[in-house]
Structure formats: structure tokens, C-alpha cells
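Subject: Structure handover

Hello,

Here is the structure I said I would pass on. My notes follow below it.

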Protein chains: 2
Amino acid sequence: MPNSKLYKGSLTTIILKLLNEHDKMYGYEITQKVKELTKGELNITEGALYPSLHKLEADGMLDVEVVKVENRLRKYYKLTESGTKETVNKLEELQNYIKTMQALVGKLA
Amino acid sequence: MPNSKLYKGSLTTIILKLLNEHDKMYGYEITQKVKELTKGELNITEGALYPSLHKLEADGMLDVEVVKVENRLRKYYKLTESGTKETVNKLEELQNYIKTMQALVGKLA
DNA sequence: AATTAATACCTAAAATTCTTATGTATAGTA
DNA sequence: TACTATACATAAGAATTTTAGGTATTAATT
């Protein structure tokens with residue numbers, strides 16, 4: 001199973017960006033979407049995902065809506081206004097970091 | 001003082017790549033070189049750097065040579081053969097991660 | 001002359017973030 | 001009946017970094 005290790009801090013950025021594009025998603029859906037988009041390269045573990053979602057919610061970045069679908073619970077998350085702003089910041093931060101790394105280790109992509 | 005946070009795992013890659021280009025360097029020199037190459041964007045703290053260097057040495061990636069210059073100690077590190085191979089691996093890993101992130105969050109660079 | 005900044009090494013406590021390992025529960029499939 | 005997929009969750013441990021200290025010499029500033 002090929003599975004790149006996450007680099008510190010990038011999980012939050014991934015979550016925010018996906019929610020920015022898909023309006024609302026639930027946790028399990030996020031893990032599947034990441035697998036799909038990266039062709040199995042990156043597997044978000046639930047042990048990392050759920051605590052991250054809870055923290056983003058506690059920080060006011062996400063709103064939650066619990067829905068019962070086929071007798072199973074789903075917790076749909078969506079960006080708050082702050083969350084949308086934070087998404088922009090995080091994406092800039094990531095862009096910037098990649099540029100910085102290129103200055104250090106040469107062209108990478 | 002602008003200072004991007006390091007993403008987990010990237011410090012080792014930075015150290016290896018710099019040593020790959022400069023043959024031998026000492027710790028303090030690495031911090032200064034990173035500052036210079038990133039125009040102050042990235043500051044490698046000594047609390048992160050020295051333990052990393054010691055670990056790379058313990059893992060057989062680096063050789064050390066202690067030199068006294070102007071009555072001050074310098075510990076010059078250079079890549080071992082394993083270290084050179086590991087540098088290639090780490091750079092590939094980073095390249096791959098950036099590609100993966102692009103698949104997730106769109107073109108970033 | 002005395003303090004501060006720069007050079008050069010170091011470690012330890014704390015914080016952060018992730019992996020690994022569990023646990024619960026329902027629905028569908030072999 | 002057992003396994004897989006769906007869907008949530010937490011807790012212990014590992015890994016890496018920040019923060020905060022410590023030692024010592026030399027150069028620059030006050």
C-alpha cells in the first residue's frame with residue numbers, strides 16, 4: 001500500500017480546501033475523496049481526521065449538521081465565514097512553503 | 001519577522017540536500033545558509049537542527065569532523081554513502097508529496 | 001569597561017500533529 | 001456466519017518541532 005506520510009500541518013489545509021470546493025462533506029467522505037483524488041497515494045487516517053475536524057469546529061472554522069442516512073449518522077461539516085478566510089490563508093501558506101522549499105532544494109515540480 | 005513553520009519531516013530533507021550541494025557544512029552554517037537562501041523566510045532553530053544532525057549521524061547518514069577555528073569548535077558534517085542515497089530518496093519523497101498536494105488542492109506553483 | 005551581538009555548540013520540557021490500535025454500531029455481501 | 005464497507009469516536013505512543021534555557025569565545029557597540 002503506497003501511502004505518503006503527511007507533512008505536519010498539511011491535513012488542516014486539505015480539509016479546508018475540500019470543504020471549500022464541495023460545500024459540505026462528512027468525515028468518512030473526506031477520507032474517500034482524498035483516496036480518490038490521489039489515486040490511493042494518500043490515506044487520511046480516521047485517528048488524524050476526526051480530532052482535526054473537532055478542532056476546526058472548536059476554533060469556529062466549521063459548522064456541523066448531524067443527519068441520519070439509512071440509519072447511520074453522518075456529521076456534515078461546512079466552512080463558516082472564518083473558515084473560508086482561513087482556507088485562503090492556509091493555501092497561501094502552503095504555496096509559500098513550496099516556493100521556499102524550491103529555493104532550498106531546487107525545482108521540484 | 002516572517003518565518004514559515006516547518007512542515008513535519010522537511011528538516012531532514014533540507015539538511016541532506018544542503019550537504020549534498022556543499023560537501024561539508026557545520027550546524028551554524030546550515031542555519032545561516034537557509035536564512036540566506038530563503039531571504040529570511042525560514043529560520044531553522046538550533047533546538048531542531050542539532051538533534052536532527054545527531055540523529056542523522058547515529059543513523060549513519062553523516063560523518064563528523066571536529067575542527068577548531070579561531071578558538072571555536074566547529075563540527076563539520078558530510079554525507080556518507082548511505083546519506084547520499086537517502087538524499088535521493090528524501091528528495092523524491094518531497095517531489096511526490098508536492099505532486100500529491102497539487103492533485104488535492106490544485107496547482108500551487 | 002561593560003554590555004550586547006555574533007559565532008558555535010548543546011539539551012530538556014512542552015506543544016503539535018500524526019500513527020497505531022482500539023471501540024461502537026449498522027448494512028450489505030460471500 | 002463472517003467479512004467488508006460505512007460512519008462515528010478516543011487514547012496511547014511516536015515523531016518532530018518550538019520554546020527556553022545553558023556554556024563559551026570573539027567582535028562590536030555603548
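Which atom of DNA strand D does a polar side-chain atom of His54(A) lie 3.1 Å from? The partner is a phosphate oxygen of the strand. Please keep in mind that this is a predicted model.

Two further polar contacts with DNA strand D are worth listing:

- The side chain of Glu46(A) has an N or O atom 2.9 Å from a base nitrogen of the strand.
- Leu11(B) has a polar backbone atom 3.3 Å from a phosphate oxygen of the strand.

In total, 24 residues surround DNA strand D, and Glu46(A) is among the closest, together with Tyr26(A), Tyr28(A), Arg74(A) and Lys75(A). Of the strand's atoms that come within 4 Å of the protein, 72% belong to sugar and phosphate. By class, this surface has 7 nonpolar, 9 polar and 8 charged residues. At least two residues each come from α2, α3 and β3 of chain A and from α1 and α3 of chain B. The most come from α3(A), which gives 5 residues.

The other item is the packing of helix α4 of chain A with helix α4 of chain B, residues 81-105 in each. Their axes are 12 Å apart, at an angle of about 155 degrees. Angles over 145 degrees count as roughly antiparallel, so that is how α4(A) and α4(B) run relative to each other. Their crossing is left-handed. On α4(A) the contact is made by Leu91(A), Leu94(A), Ile98(A), Met101(A) and Val105(A), and on α4(B) by Leu91(B), Leu94(B), Ile98(B), Met101(B) and Val105(B). The residues of this contact comprise 10 nonpolar, no polar and no charged.

Regards

Notes:
Residues are numbered from 1 along each chain as its sequence is written. Chains are lettered from A and ligands numbered from 1 in the order in which they are written. This is a predicted model: local features need pLDDT of at least 70, side-chain atom pairs count only at pLDDT 80 or more; totals for chains, interfaces and linings use all residues. Side-chain values use heavy atoms; hydrogens and water are left out. Axes are lines fitted to C-alpha atoms, for helices over the stretch in contact, and angles run from 0 to 180 degrees between N-to-C directions. Helices (H or I, at least four residues) and strands (E, at least two) are DSSP runs, numbered from the N terminus. Angles under 35 degrees count as roughly parallel, over 145 as roughly antiparallel, 65 to 115 as roughly perpendicular and the rest as oblique. A crossing is left-handed if the near helix is turned anticlockwise from the far one by less than a right angle, and right-handed if clockwise. Contact means heavy atoms within 4.5 Å. Ala, Val, Leu, Ile, Met, Phe, Trp, Tyr, Cys and Pro count as nonpolar, Asp, Glu, Lys and Arg as charged, and the others, Gly among them, as polar. A residue is near a molecule or strand if one of its heavy atoms lies within 4 Å of it. A polar contact is a pair of N or O atoms within 3.5 Å; within protein, one must be able to donate a hydrogen and the other to accept it, and residues adjacent in sequence count only if both atoms are side-chain atoms.
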